[in-house]
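Student: I have a new structure on my screen and would love some help reading it. Could we go through it together, one question at a time?
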Amino acid sequence: MSQLKAVQEKLRLIRILRLLKKSYTYEELSRITGLPITVLNRYVRGKVLPSSERTKELMELLAPYINIEEEVRKRIKFDERGFFDNMPVLSDTALMSLIAEEVASKYMDKDIDKVLTAETDGIVLGTHIARELGADLIYAKKKKEVGVEKFYEVNYVPSASGSVMTLYLPHWALKKGETVLIVDDVIRSGETQRALVELVHQAGAKPVGMFFLISVGDEVEKLKGEHPFPVESLIKL
């Protein structure tokens, strides 16, 4: 194992411990791992890194206690009308990093150049995934900004609004031949995500996958039937 890989594994363990600390006390984690509370506290706070051997041991011990999908589900807040708030998910940096690692592992062999999303909520997820892939994050906006001369642009009609919307992406952000992973935090009707695919095609770039944190309804299945690349979501509501 390379030094970089070893450090990445240690940092992953720390993220897992930080995530578990939100559900378990130090006393409970101590019983699970067999480590003193003081040692666990130093790991969680990032004061020290465990050895490679201990990292491997702890990863095996903690694996049964980590379920990323369940962690996401229990953080989603619903109101009395059935609308949900996913901010508790997006704001949990340890959880988002673990999700990004899982997604990135599926696309490491695709040599992703850009991760594309739409403003604004998709930016958090896109940033984490782009970092793991070593790619740049770009995002389409709903308004043209002063200072940008040329845009790719797509008009679409969100079913919930009944009005024409437009997404704009600066020409400099995407070049012909680049490989693109499209991500978003939530997919409901699919119009925004189809508009993102169209922006990629306008630039002469190549979409190689789509990932969504949360899907509502059957839009992911519909998109799978429309495109030759992988389309998936972490959870479905």
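Student: How many salt bridges does a search of the whole structure find?
Tutor: Good place to begin, and please keep in mind that this is a predicted model. Side chains of opposite charge can pair when their charged atoms come close. Searching the whole structure for such pairs gives a count of 18 salt bridges.

Student: Which parts does the salt bridge of E219 and R194 tie together?
Tutor: The side chains of E219 and R194 meet with 3.5 Å from N to O. E219 lies in residues 219-226 and R194 in residues 191-202, so the pair ties together parts that are 25 residues apart in sequence. Those parts are helix α10 for E219 and helix α9 for R194.

Student: Is E219 buried or exposed?
Tutor: Let's use the cut-off: buried means under 20% relative accessible area. E219 has 11% relative accessibility. That value is under the cut-off, so E219 counts as buried.

Student: And R194, what is its relative accessible area?
Tutor: Partly exposed residues fall between the buried limit of 20% and the exposed limit of 50%. R194 belongs to this partly exposed class. Its relative accessible area is 27%.

Student: How far apart in sequence are the parts that E226 and R194 tie together?
Tutor: R194 also meets the side chain of E226 in a salt bridge, at 2.8 Å from N to O. E226 lies in helix α10 and R194 in helix α9, so this pair links parts of the chain separated in sequence by 32 residues.

Student: Where do D218 and K236 lie?
Tutor: These two form a salt bridge, with their closest N and O atoms 2.8 Å apart. The pair ties together parts that are 18 residues apart in sequence. D218 sits in the loop between β8 (206-215) and α10, and K236 in strand β9.

Student: Which residues are linked with K22 in a network of salt bridges?
Tutor: Here we go beyond single pairs and look at a network. K22 belongs to it, and the other members are E71, K74, R75 and D92.

Student: Which residues gather in a patch of negative charge on the surface?
Tutor: One member is D109, in the loop between α7 (93-105) and β3 (114-118). D109 has 61% relative accessibility and counts as exposed, because exposed means over 50%. The patch is made by D109, D111, D113 and D136.

Student: What is the area of the nonpolar surface patch made by V7, L11 and L49?
Tutor: Start with L49, found in the loop between α3 (37-44) and α4 (52-62). L49 is partly exposed, with a relative accessible area of 43%. Together with V7 and L11, L49 makes a nonpolar surface patch of about 220 Å².

Student: How much of the chain is helix over residues 14-62?
Tutor: An unreviewed UniProt entry annotates residues 14-62 as "domain: HTH cro/C1-type". The end C-alpha atoms of this stretch are 11 Å apart, and strand makes up 0% of it. Helix accounts for 69%.

Student: Last one: what percentage of the residues of the protein chain count as buried?
Tutor: Let's step back to the whole chain, which has ten helices and nine strands. Its C-alpha trace spans about 60 × 45 × 35 Å along the principal axes. Of its 237 residues, the share that counts as buried is 47%.

Conventions
Residues are numbered from 1 along each chain as its sequence is written. This is a predicted model: local features need pLDDT of at least 70, side-chain atom pairs count only at pLDDT 80 or more; totals for chains, interfaces and linings use all residues. Side-chain values use heavy atoms; hydrogens and water are left out. Patches are made of residues with over 30% relative accessible area and no salt bridge: like charges are joined within 9 Å, nonpolar side chains (Val, Leu, Ile, Met, Phe, Trp, Tyr) within 5 Å. Accessible areas come from the Shrake-Rupley method with a 1.4 Å probe; for residues, only the protein chains shown count as cover. A salt bridge is a side-chain nitrogen of Lys or Arg within 4 Å of a carboxyl oxygen of Asp or Glu. Lys and Arg count as positive and Asp and Glu as negative; His and the chain ends are not counted. The place of a charge is taken as NZ of Lys, CZ of Arg, CG of Asp or CD of Glu. Helices (H or I, at least four residues) and strands (E, at least two) are DSSP runs, numbered from the N terminus. Buried means under 20% relative accessible area, exposed over 50%, partly exposed in between (1.4 Å probe, protein chains only). UniProt positions are given in the numbering used here, feature names are shortened, and annotations may be inferred rather than shown by experiment.
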